[in-house]
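Subject: Structure handover

Hello,

Here is the structure you are taking over. Please look through it first, then read the notes below.

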Amino acid sequence: MAALARYRDVWRIPGAPVLLIPGVLARLGVSMTPLALLLLVQRTTGQYTTAAVASAAYALSGAAASPVAGRLADRYRAAPVLLVTAVIHPVALVLLVGTATRHLPFWSVLASSAVAGAGYPPLTAAVRGAWNTLTAAGTGREHLHATAMAAETILLELVFIVGPAAVAVFLIAGTPATALFGSALVTLVGTVVVARAPVLRDFTRDGRLDRTRGLGPLRVAGFSALVAAAAGCGCAFGVCAVAVPAFATGYSPATRGLGGFLLAVWGIGSLVGGLVFASRPPARPLARQFPWLLGALAASLAVLAVMPNPTALGVALILGGATIAPVLTVHNSLVGLVTPGRMINEGYTWIVTTSIAAGSLGGALAGVLVDHAGTGWPFVVAAAAVGLAALYAASPRAGLVAASRASSR
């Protein structure tokens, strides 16, 4: 009951309903677009390798543009940046569908994929930055910071449940192109709603804060461990985004949309794990919990490599998925804990951009492995990536524990 009371208090924060509902639904494209793009290019070219390359172009361009968008949001407010990108991204997706379905040269598919990725609105950084502002020291809501970040993480899991399932429905009733059009529409409408909400529109930057220069949050003690964790988890999620649909297609090509439903099952497991994790008070400091949670996620990924059929894979995904939301909740809280307020948007965009870049590389590698070595080895790669991140986060050299202790939050 105490946990429910904390969530109720978070809901009552001015501006919280917009961050919790439109702020989550606006990000359905995070899970819809990469999967629909992968399936569209694979269907038009007949190869997972080319599809993974197009996905990598989408992700890497987004990774390159995201820190720039984050610094602009810290400097000039998030709302104007969101409104501009809310137009660029959907237009680029429409161009992508046109180039792919008309079988234009592959470079045009790559170019439109890259523009779509670079133009994706920095919604996650803006929403998490707003939560840090609403629960900052001196607001009287400091005690709700961890609960707010848990709510953000748990609700964001709906994106990874509804998104792949929506793509699966589009595949049954239509095509991957239709799924991309749906993703473009929800991103456009949702981003405009969030950007026009008072919690972001009326935000004014504290003029006493220095502008961020140079490497920004990358120089902050302990931040490198969080970047490494984003890289490991991003790589793993990118690998699974390719390997799970490939496993489903390879087992039964006639079962359309099965891969999307399996990814949705993974998200359901994460949602349940997040709810259970958030209902229990932390037994130890977040920085000390983090490596253990990463290790549990790595173990759950390793198990996927030996699953014999889609039913077994689905069971392993829903059980292993329970580790995802706790990892992301603690990760997001630690980013807000160690990053100075003047660079909070950029700090979150570096985490997002690292995750996206690693995910694109993981997806591309998974495409090659699926084509040449089968669907088991990608899961081994995913487990190794997260396992290495866990070892680094636990290392005193990473400085995460010391940095979290030094925080004034």
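The protein has 19 helices and zero strands. Please keep in mind that this is a predicted model. Of its 409 residues, 55% count as buried. If one takes the contacts between residues at least 6 apart in sequence, 84% of them join residues at least 24 apart.

Helix pairs

Two packed helices are described by the angle between their axes and the distance between the axes. Three pairs are described here in that way.

The first pair to look at is H4 with H6. Helix H4 covers residues 29-45 and helix H6 covers residues 78-101; they pack at an angle of about 20 degrees, with their axes 10 Å apart. Angles under 35 degrees count as roughly parallel, and H4 and H6 are therefore roughly parallel to each other. Their crossing is left-handed. On the H4 side the contact uses Thr33, Leu37, Leu40 and Thr44, and these meet His89, Leu93, Leu96, Val97, Ala100 and Thr101 in H6. By class, the residues of this contact are six nonpolar, four polar and no charged.

H4 also packs with H9. The axes of H4 and H9 come within 7 Å and cross at roughly 35 degrees, and the crossing is right-handed. H4 contributes Val30, Ser31, Met32, Leu35, Ala36, Leu39 and Arg43, while H9 contributes Val159, Phe160, Gly163, Pro164, Ala166, Val167, Phe170 and Leu171. The contact of H4 with H9 holds 12 nonpolar, two polar and one charged residues.

Further along the chain is the pair H13 (residues 258-278) and H16 (residues 324-338), whose axes come within 6 Å and cross at roughly 60 degrees. H13 and H16 are therefore oblique to each other. From H13, the residues in the contact are Trp266, Ser270, Gly273, Gly274 and Phe277; from H16, they are Ile324, Ala325, Pro326, Thr329 and Val330. The contact of H13 with H16 divides into six nonpolar, four polar and no charged residues.

Two buried residues

Ser113 sits in helix H7, which spans residues 106-118. Its relative accessibility is 0%, so Ser113 counts as buried. Apart from neighbours within four places in sequence, Ser113 is in contact with Leu37, Ala54, Ala57, Tyr58, Ser61 and Leu96. Of these, Leu37 and Leu96 also appear in the contact of H4 with H6.

Thr191 belongs to helix H10, residues 176-196. Thr191 is also buried, because its relative accessible area is 0%. A polar atom of the Thr191 side chain lies 2.6 Å from the backbone oxygen of Thr187. Not counting neighbours within four places in sequence, Thr191 is in contact with Ala26, Leu82, Ala86, Pro121, Leu123 and Val186.

Residues with more or less exposure

Glu142 is in the loop between helix H8 (123-134) and helix H9 (145-173). With a relative accessibility of 36%, Glu142 counts as partly exposed. If residues up to four places away in sequence are left out, Glu142 touches Thr135, Ala136 and Ala137. From C-alpha to C-alpha, Glu142 and Asn132 are 9.2 Å apart in space, and in sequence they are 10 residues apart.

Arg8 is in helix H1, residues 2-11. Arg8 is partly exposed, its relative accessible area being 42%. Arg8 and Thr147 are 139 residues apart along the chain, yet their C-alpha atoms are separated by 10.0 Å.

His103 is in the loop between H6 and H7. Is His103 buried or exposed? Its relative accessible area is 57%, so His103 is exposed. The backbone of His103 deserves a separate note. Most residues other than glycine have a negative phi. In His103, phi is near 55 degrees, a positive value in a residue other than glycine.

A possible order for viewing

- Start with H4, which packs with H6 at an angle of about 20 degrees and crosses H9 at roughly 35 degrees.
- Then find Ser113 in helix H7 and Thr191 in helix H10.
- End with His103, in the loop between H6 and H7.

Regards

Methods. Residues are numbered from 1 along each chain as its sequence is written. This is a predicted model: local features need pLDDT of at least 70, side-chain atom pairs count only at pLDDT 80 or more; totals for chains, interfaces and linings use all residues. Side-chain values use heavy atoms; hydrogens and water are left out. Axes are lines fitted to C-alpha atoms, for helices over the stretch in contact, and angles run from 0 to 180 degrees between N-to-C directions. Helices (H or I, at least four residues) and strands (E, at least two) are DSSP runs, numbered from the N terminus. Angles under 35 degrees count as roughly parallel, over 145 as roughly antiparallel, 65 to 115 as roughly perpendicular and the rest as oblique. A crossing is left-handed if the near helix is turned anticlockwise from the far one by less than a right angle, and right-handed if clockwise. Contact means heavy atoms within 4.5 Å. Ala, Val, Leu, Ile, Met, Phe, Trp, Tyr, Cys and Pro count as nonpolar, Asp, Glu, Lys and Arg as charged, and the others, Gly among them, as polar. Buried means under 20% relative accessible area, exposed over 50%, partly exposed in between (1.4 Å probe, protein chains only). A polar contact is a pair of N or O atoms within 3.5 Å; within protein, one must be able to donate a hydrogen and the other to accept it, and residues adjacent in sequence count only if both atoms are side-chain atoms.
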